[in-house]
Structures are given as C-alpha cells and as structure tokens.
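Here are some notes on the structure, arranged as numbered points for a colleague who wants to follow the packing residue by residue. Please read them with the coordinates open.

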Amino acid sequence: MIEEGRKQGFFTYVSTPTDIKRNNAVAQNKARTFYSTHTVSSSMRFHGENSSNVGLVTEINNEHYLVPANCKFFCYDVKDIEEKIDMLTAPYDFVLLDPPWWNKYIRRKKAKCVNAGYQMMYDFELIKIPIASLTAAGSLVAVWCTNSENHLNFLLNEIFPAWDVEYIGNWFWLKVTHGGEPVCQFSEPPGKQPFEQIVFGHRKDANREQPLPEPNKVIISIPSAIHSHKPPIADVMAQYLPQKPRCIELFARYLLPGWTSWGYEVMKLQHLSLFIERDEKTELVECCNVIST
C-alpha cells in the first residue's frame with residue numbers, strides 16, 4: 001500500500017539523520033505550547049451551528065475559531081447527552097465515538113501536567129451512552145479503540161450488546177512518517193503499536209440499501225503531533241451512507257462539514273492558531289450561541 005501511495009506522489013520524503021535526531025521537535029513543541037495555553041474551562045458550555053455553505057470564523061470567550069460549513073456543535077459532556085437529546089436531530093445514519101479510554105500512561109501524564117491529559121472514562125461508563133436513542137435500524141456505529149485486549153473485548157461483549165449494536169469488523173489506522181515508514185516498530189502485545197483500530201457495528205436492518213463496511217480495511221496517514229488527534233473518515237465512509245447522511249461524533253475535539261459534533265472539547269482543534277490563513281479578508285462572523293451553566 002505504501003508503494004502504491006508513492007506511485008501517486010505520496011510518502012516520497014527521504015529523512016535525514018538530522019530529522020531522526022530532532023524527532024519532529026518543532027511540531028511537538030507547538031503541540032505542547034498549544035495545550036498549555038488553550039485550556040478548557042469547566043464553566044464554558046455552549047452550542048451553535050454554521051448553517052451557511054462556507055466556513056466561518058467566530059469568537060468565543062475572546063478566542064477565534066474556524067467553523068466549517070453546515071455543521072452543528074455542542075460543547076457539553078457526553079454524560080449529559082441524554083438529558084439534552086431534544087437538541088439533536090436524531091436518528092443519525094452514522095455515530096462515531098472517540099472515547100477517552102482509561103489509560104495508565106495518560107493518568108501519569110495528567111498527574112504531571114493538568115493540561116496534558118484528558119478526562120478518562122471507565123469502560124462501564126460507555127454503556128450508559130444512549131446510542132439506541134441516537135440511531136435507528138440500519139444506522140452505523142464506529143468506535144475508535146486502543147489496542148488493549150481488555151478494551152476491545154469489553155466493547156464487543158458488553159458495550160455493543162447494551163447499545164443493541166451488532167459487530168461488523170475492525171479497520172486499522174496505520175500511522176506513518178512523511179517517508180511512509182511506520183512511526184514505531186510493530187511489537188507483541190501489550191507493546192506500543194504504529195496503528196489504532198476503528199471498531200464497526202450496526203443496528204440491524206434487512207432493508208438497508210448501502211453496503212456495510214468491509215472488515216480489515218487499512219487507512220494510512222501521517223499523524224498529527226497533537227495527542228489522540230484522529231484523521232477524519234467522512235470521505236472513506238461516504239459509500240456506506242445515504243447521499244446526505246446525518247452524522248454525529250461524540251467526544252469530538254474538532255468539527256467537520258455537514259456533521260454534528262458533541263464533546264466538552266468540541267472546539268479545541270478548531271482554534272485559529274492551528275490553521276494557516278489563505279485569505280486575509282476572512283470575515284469574522286458570530287455563528288454560535290454561548291450558554292453558561
């Protein structure tokens with residue numbers, strides 16, 4: 001797959017000894033600076049939308065954020081979704097979740113720096129997410145999951161059945177360098193791996209028109225320096241969804257055109273400092289309602 005990508009002009013960079021020594025230090029320092037200077041306040045709870053066909057820049061709490069076209073966003077904890085479900089346009093054709101799985105490394109990291117980690121959840125807490133209320137027969141559900149056998153087994157044997165979701169299969173996100181090399185060596189479990197998994201399921205429907213995602217597909221991309229920043233999969237999912245699907249991401253930290261995003265860090269990676277401005281005439285537009293709780 002890497003060789004095929006190179007034939008199309010991808011992964012052609014040849015790293016130098018200096019590159020290896022620096023270990024992407026510039027991007028990592030940028031990410032650390034961003035996390036230390038852009039914290040999420042527990043009192044900041046709001047929702048909004050951009051109903052136009054173009055991306056807009058908005059100001060929230062004296063910070064500027066880029067908001068894609070035709071998207072909705074809800075800056076609330078996922079644990080609050082059931083009591084606020086009337087705010088959503090359920091059912092959704094596709095529900096994507098990126099849970100903060102319980103992780104000892106993140107717990108240690110959080111202890112050293114309060115802004116470095118994120119609020120983790122125990123596996124049993126995920127069962128309580130009202131997926132049945134967010135979906136209908138035929139809906140797809142996908143969960144980003146760590147390579148922990150405990151997490152994977154609990155997802156398949158406890159969480160999916162509780163959600164009335166039938167397992168389809170796994171996809172794999174292979175993380176590579178600009179030259180197409182895996183970001184680390186493959187190792188025996190429970191060692192670190194250069195890939196993460198997306199676990200797919202669906203609400204059964206005999207009349208479903210679109211195909212189900214085929215198991216064991218591989219997505220290859222260069223990862224962000226920002227911790228746990230997953231690649232958007234909207235384009236690769238298009239063939240499995242209706243023409244104009246309703247899609248929602250839970251535990252979201254960025255926005256996508258045409259999607260609904262929910263999470264207490266929902267605007268985190270939309271901060272204008274993370275983007276390169278191509279048009280100096282970008283209009284500042286207020287496009288969301290800020291609601292304090």
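1. Residues 24 or more positions apart account for 74% of those contacts in the protein that have a separation of 6 or more. The model is a predicted one, and its secondary structure comes to eight helices and twelve strands. Of the 293 residues in the protein, 43% are buried.

2. I would begin with strand 8, which covers residues 195–202 and has eight of its eight residues buried, so that the strand is largely enclosed by the rest of the structure. Phe195, Gln197, Val199 and Gly201 point one way from strand 8, while Glu196, Ile198, Phe200 and His202 point the other way, and the residues of both sets are buried.

3. Which strands pair with strand 8, and in what sense? Strand 6, residues 140–145, runs antiparallel to strand 8 and is joined to it by six bridges; within this pairing, Trp144 has Ile198 as its bridge partner. Strand 7, residues 166–175, also pairs with strand 8 in the antiparallel sense, here over eight bridges. In that second pairing, Gly169 is the bridge partner of Phe200, and Leu174 stands opposite Phe195.

4. Strand 7 deserves a point of its own, since seven of its ten residues are buried and the strand is mostly covered. Besides its antiparallel pairing with strand 8, strand 7 is joined by four bridges to strand 9, residues 218–221, and these two strands run parallel. Phe172 has Val218 as its bridge partner in strand 9.

5. Gln197 is a polar residue to check with care: its place is in strand 8, and its relative accessibility is 8%, which is under the 20% cut-off, so Gln197 counts as buried. What does the side chain of Gln197 make polar contacts with? One such contact, at 3.0 Å, is with the side chain of Asn147, and another, at 2.7 Å, is with the side chain of Asn170. Leaving aside residues up to four places away in sequence, Gln197 touches Val143, Trp144, Cys145, Asn147, Leu152, Asn170, Trp171 and Phe172.

6. Helix 7 spans residues 149–163, and at 1.5 Å a residue its 15 residues should extend over 21 Å; its end C-alpha atoms are 20 Å apart, which agrees with that expectation. The agreement in length should be read together with the kink of about 40° in helix 7, which is centred on Leu155. Leu155 is itself one of the buried residues of this helix, the others being His151, Leu152, Ile159, Phe160 and Trp163.

7. Against which elements do the buried residues of helix 7 pack? They pack against strand 5 (94–97), helix 5 (123–126), helix 6 (131–134), strand 6, strand 7 and strand 8. As for the two ends of helix 7, a side-chain oxygen of Ser148 reaches to within 3.3 Å of the backbone nitrogen of Asn150 at the start, whereas the helix is followed by Asp164, whose phi is positive, near 60°.

8. Helix 3, residues 25–37, gives a second check on helix length: its 13 residues should span 18 Å at 1.5 Å a residue, and its end C-alpha atoms are 18 Å apart, which agrees. The buried residues of helix 3 are Ala31, Phe34 and Tyr35. Seen down the helix axis, these buried residues fall within an arc of 95°, so they line one face of helix 3. As background, an α-helix has 3.6 residues a turn, so residues three or four places apart point the same way.

9. A last point concerns Gly258, which lies in the loop between strand 10 (247–250) and strand 11 (259–262). Is Gly258 buried, exposed or partly exposed? Its relative accessibility is 39%, which falls between the cut-offs of 20% and 50%, so Gly258 counts as partly exposed. Although Gly258 and Cys71 are 187 residues apart in sequence, their C-alpha atoms are 4.8 Å apart in space. Not counting residues up to four places away in sequence, Gly258 touches Ala69, Asn70 and Cys71.

Notes: Residues numbered from 1 in each chain as written. Predicted model: local features only at pLDDT ≥ 70, side-chain atom pairs only at ≥ 80, totals over all residues. Heavy atoms only, no water. Buried < 20%, exposed > 50% of the residue type's maximum accessible area, 1.4 Å probe, protein only. Pairing = 2+ DSSP bridges. Expected span 1.5 Å × (residues − 1). Bend = angle between axes of the 7 residues up to and from the residue. Contact = heavy atoms within 4.5 Å. Polar contact = N/O pair within 3.5 Å; in protein donor to acceptor, adjacent residues only side chain to side chain. Arc of directions from axis to C-beta.
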